[in-house]
Amino acid sequence: MGRILFLLIIAFLIYLLFKGFLRAQTRRGEEDRKNEQKVEDMVACARCGVNLPRSEAKPEGALFYCRDNPRCIAGP
Ligand SMILES: [Zn+2]
């Protein structure tokens with residue numbers, strides 16, 4: 001009887017460890033997702049070479065230009 005109880009306790013401990021491990025994995029996945037959202041693709045302006053987030057750049061064909069810099073948006 002004592003042996004069965006011992007096995008049950010071991011099984012319970014393994015279950016707790018497994019549950020904690022799963023939760024840690026899930027939390028790490030969420031953090032990764034959060035970091036991915038924070039780190040945006042950086043592109044270099046084709047005219048002045050400044051690196052800026054893709055959302056702040058003005059795409060023109062395959063190239064990107066600074067949206068805030070009038071000199072970069074204007075043609076040659
Ligand atoms: Zn530029």
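Here a colleague and a modeller chat about this predicted model.

Colleague: Let's start with the metal. Which residues are the protein donors of the zinc ion?

Modeller: Look for the sulfur atoms, since each donor here is an SG atom lying 2.2 Å from the zinc ion. Along the chain they follow the spacing C-x2-C-x17-C-x5-C. The donors are Cys45, Cys48, Cys66 and Cys72.

Colleague: And what geometry does the site of the zinc ion have?

Modeller: Check the angles among the four donor atoms, which run from 103 to 117°. Four donors count as tetrahedral if all angles lie between 85 and 135 degrees. For four tetrahedral donors the ideal is 109.5 degrees. So the label for the zinc site is tetrahedral.

Colleague: How many residues apart in sequence are the parts that cysteine 45 and cysteine 66 tie together?

Modeller: Both are zinc donors. Cysteine 45 sits in the loop between β1 (42-44) and β2 (51-53), while cysteine 66 belongs to strand β4 (residues 63-66), so the pair links parts whose separation in sequence is 21 residues.

Colleague: Is cysteine 45 buried or exposed?

Modeller: Buried means under 20% relative accessible area. Cysteine 45 has a relative accessible area of 4%, and cysteine 66, at 8%, counts as buried too. So the word for cysteine 45 is buried.

Colleague: On to the strands. Which residue stands opposite lysine 58?

Modeller: Strand β3 (residues 57-60) and β4 run antiparallel, joined by four bridges. In their hairpin, two residues lie between the strands, and glycine 61 takes a positive phi near 65°. Across from lysine 58, in β4, you'll find tyrosine 65.

Colleague: Which side chain meets lysine 58 in a salt bridge?

Modeller: Side chains of opposite charge can pair when their charged atoms come close. Here the N to O distance is 2.8 Å. Lysine 58 is partly exposed at 28%, and its partner is partly exposed at 39%. That partner is glutamate 60.

Colleague: The structure holds two salt bridges, so what is the N to O distance between arginine 54 and aspartate 41?

Modeller: Arginine 54 lies in the loop between β2 and β3, and aspartate 41 in the loop between α1 and β1, so they tie together parts 13 residues apart in sequence. Their side chains meet in a salt bridge with an N to O distance of 3.2 Å.

Colleague: Last one: what is the area of the nonpolar surface patch that includes Leu16?

Modeller: Leucine 16 lies in helix α1 (residues 2-38) and is partly exposed at 42%. Other members of the patch include Phe6, Phe12 and Tyr15. The patch covers about 1200 Å².

How values were computed:
Residues numbered from 1 in each chain as written. Predicted model: local features only at pLDDT ≥ 70, side-chain atom pairs only at ≥ 80, totals over all residues. Heavy atoms only, no water. Patch = residues over 30% accessible without salt bridge, like charges linked within 9 Å, V, L, I, M, F, W, Y side chains within 5 Å. Areas by Shrake-Rupley, 256 points an atom, 1.4 Å probe, with all protein chains shown as cover. Salt bridge = Lys/Arg side-chain N within 4 Å of Asp/Glu carboxyl O. Buried < 20%, exposed > 50% of the residue type's maximum accessible area, 1.4 Å probe, protein only. Donors = N, O, S within 2.8 Å, 3.2 Å for Na, K, Ca; no water. Tetrahedral: all angles 85-135°; square planar, octahedral: opposite > 155°, others 65-115°. Pairing = 2+ DSSP bridges.
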